[in-house]
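Open the structure in your viewer and keep the selection panel at hand. Each stop names what to select and then says what is there.

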Amino acid sequence: MNYILKTIFTREKIVFVLLAILSVFFSIACSEPVSLTLSDRGKAKYVIVLPDEPLPVETTAANELKKYLDKVTNSKFSIIHESDADTSQPLLVVGNSSLAKTLLPKVDATQLPYDGIVVETIGKDIIMLGHPVRGTLYAVNTFLEEAVGVRWWTSTDSYIPKAKRLKVPMLHIRYAPDLTYREAFYKDAFKDEAFAAQMKCNGDFSKITPEYGGYHKFQYFVHSFYPILPPQNYFEKHPEWYSMIDGKRTHHHAQLCLSNDAMRKEFTKNVLDTLRSHPDMDFISISQNDCHGACQCEHCQAIVREEGSESGPVIRFVNAVAEEIEKEFPHIWVETLAYQYTRTAPLKVKPRKNVVVRLCTIECSFSEPLVEGEQNKALRDDIEAWSKIADNLFVWDYVTNFTSYMLPHPNIHVLAPNIRFFIKNNTIGLFEQGDYYCDAGDFVRMRNWVISRLMWNPALNENKLIDEFLAGYYGERAAPYLRQYWDLLTTSVKESGVYLRCYMGDTSGWLTVPVYIQATSLMKKAIEVTKDEILRNRLQREEIPLKFVLLLENARFKTYEQENNISPVTPPNPEEALTEFMSLLKEFNVTMVREDFSSHPNHTQWVEQLLRSRLFPEEK
């Protein structure tokens, strides 16, 4: 049975919320105790109960629950099957068992919204279950976070409280995320499948096994016109299947001739053959190449004129292919792009019900939220226009600086309002493309944590999330200085009015030398007050972007020093500073500092040469 849902679940979610509210009132009316004691003085008072024939993800959920409860309480919790359970004893009921159905007769896990969870206290028992794909694991992870206090900061770092007597509050959680597809594209996000599940991310790049809930499988993922219809196989015999540009058919920096019926027939055949070989896909991308080069033939351009946009031929073409896909694979979403020259919505044609339009924020300014300001008005208008004609949108959001992962990039203040804006406009899938190729960068671990939690629940307060991560991961002593650091850079970028793109070569447009001096001082104070070596090491990694700015933009800083007669900010010994910086990159395993799709890229030598040219221009 395929559980990828084809609607936004408006009716089911309303019922889900109403039941949650009623359960709270019911608990108050029944005068429930304030809390339950799971363990006392190293002795477990509860037993974990699984269905007699649990799903693999339910077994994982029970094992994860036992693992962390054992660590927290220094006791040994048992896992049994429901047929062996003594219902007179307090139970932690995990999964969609007959026992769970008896305790919660109005909850049918198979009818829950996608990835929906239920964590419910009924008398002395606590039930944790969810949508069959991975909801039960998410319910357990939610219980461990919200009731027990566990925090998973990164794939290797967590906070596990210790309690001789573990008490948990009465729980009445019923929740389902708005986003069906959630992916934070950071290197650490994919190092451990348990961590991916803890972050409640389920995207294609996670490659999570079924035991941890699996993931959404994408055929091609993006830019698939040529992979489906390779020019090397077809162009010689059928040049008319490819773009006409300046009166000539070409496949170089080009697209397909989307009005050609014979091409569409062959294209559809290839798509169906591919899906027959990969029937377990959730999405298939039928999308333009990563370039301009739309077909200029009369037939294609007639559609463009009628639709008022180059997206017109794309949606008509994708709709036709999607119609054939639906006949054989009704469970598969057909994804296409609204990207660069196709970003504007068409005037007449609407995407079919099995088509998902993925908008891209590559032109976005990240100094101000999408919902306000003039910098993003055109993009905002386009997203809102698509949401009026498409029930299901997907967004590819660019949340890093692809030119240089090592530069400070203060965009975190817009990420939460942008996510909320996407969801408000029918977005069911979100790909947050971050620093996937880099182990360091601009607070990438915090970004992954905050973004992941907001994708799961956009109603969370982003500032509280940031504060929690700063204190939990870097230490309570350093956190106030780090908060001031982030507030300082955020204020600076806002007041500068800079158009903060996802491709920025330097910080000169928003980071003044006085602000840089303040930021450096705050970072140094955070390090100075931190005595724990592990925490100091994390802070020293986060200091790398500041050091990089000083070396990369050395000339700008020197000019400011001379013109304003201030104490030197630039390093007195540039050679020593460069050596120290390169040592930091090696220490923190930084080999890539920008987006690069070449084979086995390593930017170490390039970085050293670049910085040497900035520090010693006379050597050129």
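Start with helix 11, residues 377-389, in this predicted model. The helix has 13 residues. From its first C-alpha to its last it reaches 19 Å, close to the 18 Å expected at 1.5 Å a residue.

Now show the side chains of helix 11. Which residues are buried? Select Leu 379, Arg 380, Asp 382, Ile 383, Trp 386, Ser 387 and Ile 389: these are buried. In an α-helix there are 3.6 residues a turn, so residues three or four places apart point the same way.

Next, bring up what covers those buried residues. The cover includes two helices, helix 10 (311-328) and helix 12 (412-424). It also includes strand 17 (333-338), strand 18 (355-360) and strand 19 (393-398).

Move to the cysteines. How many disulfides are there? The count is zero. Select Cys 364, which is in no disulfide. The nearest cysteine sulfur belongs to Cys 502 and is 8.4 Å away, whereas a disulfide needs the two sulfur atoms within 2.5 Å. Cys 364 is buried, with a relative accessible area of 0%.

Then select Cys 438. Why is a bond ruled out here? Its closest cysteine sulfur, in Cys 502, is 17 Å away, and that is too far for a bond. Cys 438 is buried too, at a relative accessible area of 3%.

Now turn to a sheet. Select strands 2, 1 and 10, in that order: the three form an open sheet with antiparallel pairing. Strand 2 (43-44) and strand 10 (165-169) stand at the edges. Each has a single partner strand, so one side of each is left without a neighbour in the sheet.

Zoom in on strand 1, residues 35-40. Strand 1 and strand 10 pair in the antiparallel sense over five bridges. For one pair to pick out, select Thr 37; its bridge partner in strand 10 is Lys 167.

Add helix 4, residues 135-148. Helix 4 lies across strand 1 and strand 10. Its direction is at about 105 degrees to strand 10.

Last, colour the chain by pLDDT. The average is 94, and 94% of the residues score at least 70. Where does pLDDT stay under 50? Select residues 1-11, where the model has 26 contacts beyond four places in sequence. Then select residues 17-32, where pLDDT is also below 50. Beyond near neighbours in sequence, that stretch has ten contacts in the model. Where pLDDT is low, predicted coordinates should not be read in detail.

How values were computed: Residues numbered from 1 in each chain as written. Predicted model: local features only at pLDDT ≥ 70, side-chain atom pairs only at ≥ 80, totals over all residues. Heavy atoms only, no water. pLDDT = per-residue confidence, 0-100. Contact = heavy atoms within 4.5 Å. Helix = DSSP H or I, 4+ residues; strand = E, 2+ residues; numbered from the N terminus. Expected span 1.5 Å × (residues − 1). Buried < 20%, exposed > 50% of the residue type's maximum accessible area, 1.4 Å probe, protein only. Pairing = 2+ DSSP bridges. Axes fitted to C-alpha atoms, helices over the stretch in contact; angles between N-to-C directions.
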